[in-house]
Amino acid sequence: VFPSLCSTGFLVLLDYLASNSIDDEPDDPFDRILVHPYALGALIGFFSFLLAFRLNQAYQRYWEGATTVHQMLSKWVDTAMLMAAFHYQASSFDRVKPPAFG
């Protein structure tokens with residue numbers, strides 16, 4: 001929640017500063033920077049790169065977690081199958097064994 005509030009606050013601040021500086025000749029040099037397309041392009045490029053980097057990190061973490069859960073499930077299934085195979089070897093299960101069990 002905090003990162004989204006920060007980015008939204010930053011965009012609102014940029015919008016406020018840009019809307020207050022739209023006159024024929026801004027007096028403050030900082031106002032001219034925010035109105036200039038190269039400065040805005042650099043800011044947009046930086047934040048786009050930052051967003052892409054963070055999304056890539058999140059995507060990698062998601063798939064690492066999904067792979068780990070899949071491996072854990074496969075180990076649990078292997079354990080259950082081995083337990084079932086050895087469990088049916090007991091003599092108390094002779095009447096429920098399939099005919100071709102061996």
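Trainee: Which residues does L43 touch, not counting residues up to four places away in sequence?
Mentor: Leaving out those sequence neighbours, L43 touches F10 and L14, and since this is a predicted model, please read that contact as part of a prediction.

Trainee: Where does L43 lie, and is it buried or exposed?
Mentor: L43 lies in helix α3, and its relative accessibility of 28% makes it partly exposed, because buried would mean under 20% and exposed over 50%.

Trainee: Okay, stepping back, how many helices and strands does the protein chain have?
Mentor: The protein chain has 3 helices and 0 strands, so that, following the elements from the N terminus on, you read α-α-α.

Trainee: How much of the chain is buried?
Mentor: Buried residues make up 5% of the 102 residues in the protein chain, while the accessible surface of the chain comes to about 9200 Å², with 69% of that area belonging to carbon and sulfur atoms.

Trainee: Which residues form a nonpolar patch on that surface?
Mentor: The patch is formed by F46, F47 and L50, which together have about 270 Å² of accessible area. L50 is found in helix α3, which covers residues 37-87, and L50 is partly exposed with a relative accessible area of 36%.

Trainee: And what about F46 and F47, how accessible are they?
Mentor: F46 counts as partly exposed at 48% relative accessibility, and F47 also counts as partly exposed, with a value of 35%.

Trainee: New topic: how many aromatic pairs does a search of the whole structure find?
Mentor: The search finds 3 aromatic pairs across the whole structure. In one of them, the ring centres of F46 and F47 lie 5.3 Å apart with their planes at 70 degrees, so this pair is edge-to-face, a label that applies to planes over 60 degrees apart.

Trainee: What kind of pair do Y59 and W63 form?
Mentor: Y59 and W63 form an edge-to-face pair, with 6.3 Å from centre to centre and 75 degrees between the planes. Both residues lie in helix α3, where they are 4 residues apart, about one turn of the helix.

Trainee: Are those two buried, partly exposed or exposed?
Mentor: Y59 is exposed, because its relative accessible area of 52% is over the 50% cut-off, whereas W63, with 45%, is partly exposed.

Trainee: Which residues make up the aromatic cluster there?
Mentor: One aromatic cluster is formed by Y59, Y62 and W63.

Trainee: Last thing, which elements have the lowest and the highest mean pLDDT?
Mentor: Among the elements of the protein chain, helix α2, residues 29-35, has the lowest mean pLDDT, at 60, and α3 has the highest, at 88. For the protein chain as a whole the mean pLDDT is 78, and 75% of its residues reach 70 or more.

Trainee: Why should I be careful where pLDDT is low?
Mentor: Because the predicted coordinates should not be read in detail where pLDDT is low.

Terms used:
Residues are numbered from 1 along each chain as its sequence is written. This is a predicted model: local features need pLDDT of at least 70, side-chain atom pairs count only at pLDDT 80 or more; totals for chains, interfaces and linings use all residues. Side-chain values use heavy atoms; hydrogens and water are left out. Patches are made of residues with over 30% relative accessible area and no salt bridge: like charges are joined within 9 Å, nonpolar side chains (Val, Leu, Ile, Met, Phe, Trp, Tyr) within 5 Å. Accessible areas come from the Shrake-Rupley method with a 1.4 Å probe; for residues, only the protein chains shown count as cover. A salt bridge is a side-chain nitrogen of Lys or Arg within 4 Å of a carboxyl oxygen of Asp or Glu. Helices (H or I, at least four residues) and strands (E, at least two) are DSSP runs, numbered from the N terminus. Buried means under 20% relative accessible area, exposed over 50%, partly exposed in between (1.4 Å probe, protein chains only). Rings of Phe, Tyr and Trp (its six-membered ring) pair if their centres lie within 6.5 Å; planes under 30 degrees apart count as stacked, over 60 as edge-to-face and the rest as tilted. Contact means heavy atoms within 4.5 Å. pLDDT is the predictor's confidence in each residue, from 0 to 100.
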